[in-house]
Amino acid sequence: MAGLRQRVRELVLLSGRSQREFAETMGLEPSKLSKSLKGIRRFSAEELIRIADTADVTVNWLLNGRDDAATVVAIPPGQQSPGPDGAAVPAPRSGSGDRRRQIIEAAWQLIAANGYHSVRTADIARACGTSSATIHYHFPTLRDLLDEALRTSAKQAFDRQVAVLHSIPDARERLDRLIELQLPNPGHLTLEWSIWMQVWTESTLHPHLRELHAGYYQRWHDTIAQTLRDGVAQGVFRHVDTEATTTHLTALIDGLAIQVLTRRPGRTVQRMRETLREFVATRIEGVTNQ
């Protein structure tokens, strides 16, 4: 944890902001950030995610000093170039970087809520309180923004997984939490699923987006597979065909989420949770009904 605290201090310094300003930027009470940096309290998973998002780094970098450090979540495709000590070096946050982040966030929200083809550059500019010319300066086309929305969704999803799962050694508990993190609960997760559904549609038309999506989806597949292998090694899961079982589980998660989001009668988040837990119990843990 000392390394984590030092890396957060470095990010505050690189941001050019005071510690109080940095805390307020990420929506954290300054006294909590101060206590965490002194080792009086631990950073929560949500705080790690906010820090990583604010500073344009990954939670893996925050916790381990490098993006490609081995963790309970699969390593992402395409790592940053490492610094002299092997750790990825975050770039200082500039005013231009802040504006770009604001544009991405506004576009992400609008695309998730209204649909990719319903969002105009003028809508994003209005949401950011800026001009269309500024949007085009950072993103020449709306398609560029969709690509970035995908990257943002993928980063947020895997930052959340690393932040929540890094301290859970038990594979059974970890798989249960992974499933919970994928449920399309109202709010941010529903918006995130909306982005992914639109990316699937656009990927059928645009090969470059298909390739981008494939890399991130492979990471999600690998994270599930790694958890299953850990569970078998720990003796909490029965011996299964890891690849086949991962394919079945991820397909089930995707299909059920689509049914929930399209509001098929009788398909709810709770029912999705129950179905997935039943699959894990019978197909992975080997529980039999008496």
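This talk walks through the cores, cavities, one pocket and a few single residues of one structure.

Some ground rules. This is a predicted model, in which local features need pLDDT of at least 70, side-chain atom pairs count only at pLDDT 80 or more, and totals for chains, interfaces and linings use all residues. Residues are numbered from 1 along each chain as its sequence is written, and side-chain values use heavy atoms, with hydrogens and water left out.

Let's start inside. In soluble globular proteins, nonpolar side chains tend to be buried together. By a nonpolar core I mean a set of buried Ala, Val, Leu, Ile, Met, Phe, Trp, Tyr and Cys residues joined through side-chain atoms within 4.5 Å. Buried is under 20% relative accessible area, exposed is over 50%, and partly exposed is in between, with a 1.4 Å probe and protein chains only.

The largest nonpolar core has 53 residues. Val8, Leu62 and Leu175 touch the most other members. Helix 14, residues 269–284, gives the most to this core: 6 residues. Helices here are DSSP runs of H or I with at least four residues, strands are runs of E with at least two, and both are numbered from the N terminus. A second core lies apart from the largest one. That one has 26 residues, including Ile104, Ala106, Leu146 and Ile195.

What does Leu175 contact, leaving aside its neighbours within four places in sequence? The list is Ile224, Thr227, Leu228, Phe237, Leu249, Val280 and Ile284. Contact means heavy atoms within 4.5 Å.

Now take Thr245. This residue sits in helix 13. Is Thr245 buried or exposed? Thr245 is buried, because its relative accessible area is 9%. Beyond the neighbours within four places in sequence, Thr245 contacts Leu228, Val240, Phe279 and Ile284. Leu63 is another matter: 182 residues separate it from Thr245 in sequence, and 30 Å in space, C-alpha to C-alpha.

Next, empty space. Rolling a probe the size of a water molecule over the atoms shows where empty space is left. The search uses a 1 Å grid over the protein atoms alone. A cavity is a set of points where a 1.4 Å probe fits but cannot get out. A pocket is an open set with protein on both sides within 12 Å along at least five of seven lines. Lining residues have an atom within 4 Å of a point. Points are joined across faces, edges and corners, and a volume is the space filled by probe spheres set on them.

How many cavities of 30 Å³ or more are there? There are 2. The largest holds about 210 Å³. Its lining has 14 residues, and Ala157, Gln182, Trp193, Trp196 and Trp220 are the closest to its centre. Helix 9 (142–165), helix 10 (171–182), helix 11 (188–203) and helix 12 (207–234) each give two or more lining residues. Helix 11 gives the most, with 5. By class, this lining is 10 nonpolar, 2 polar and 2 charged. For these classes, Ala, Val, Leu, Ile, Met, Phe, Trp, Tyr, Cys and Pro are nonpolar, Asp, Glu, Lys and Arg are charged, and the others, Gly among them, are polar.

The second largest cavity has about 30 Å³. Its lining includes Thr121, Ile124, His136 and Leu145. Helix 7 (121–128), helix 8 (132–138) and helix 9 give two or more residues each. The split is 5 nonpolar, 3 polar and no charged.

On to the second largest pocket, at about 190 Å³. Among its lining residues are Glu46, Arg50, Asp53, Arg101 and Arg160. Helix 4 supplies the largest share, 5 residues. The classes are 2 nonpolar, 4 polar and 5 charged.

Two loop residues deserve a stop. Asp56 lies between helix 4 (45–55) and helix 5 (59–64). Its phi is near 60°, a positive value in a residue other than glycine. Asp56 counts as partly exposed because its relative accessibility is 48%. Arg263 lies in the loop between helix 13 (242–261) and helix 14. Arg263 also has a positive phi, about 60°, and is not a glycine. At 73% relative accessibility, Arg263 counts as exposed.

Last, the record. An unreviewed UniProt entry lists residues 8–62 as "domain: HTH cro/C1-type". In the model, that span is 69% helix and 0% strand, with end C-alpha atoms 7 Å apart. UniProt also lists residues 120–139 as "DNA-binding region", again in an unreviewed entry. This span is 75% helix and 0% strand, and its end C-alpha atoms lie 13 Å apart. UniProt positions follow the numbering used here, feature names are shortened, and annotations may be inferred rather than shown by experiment.
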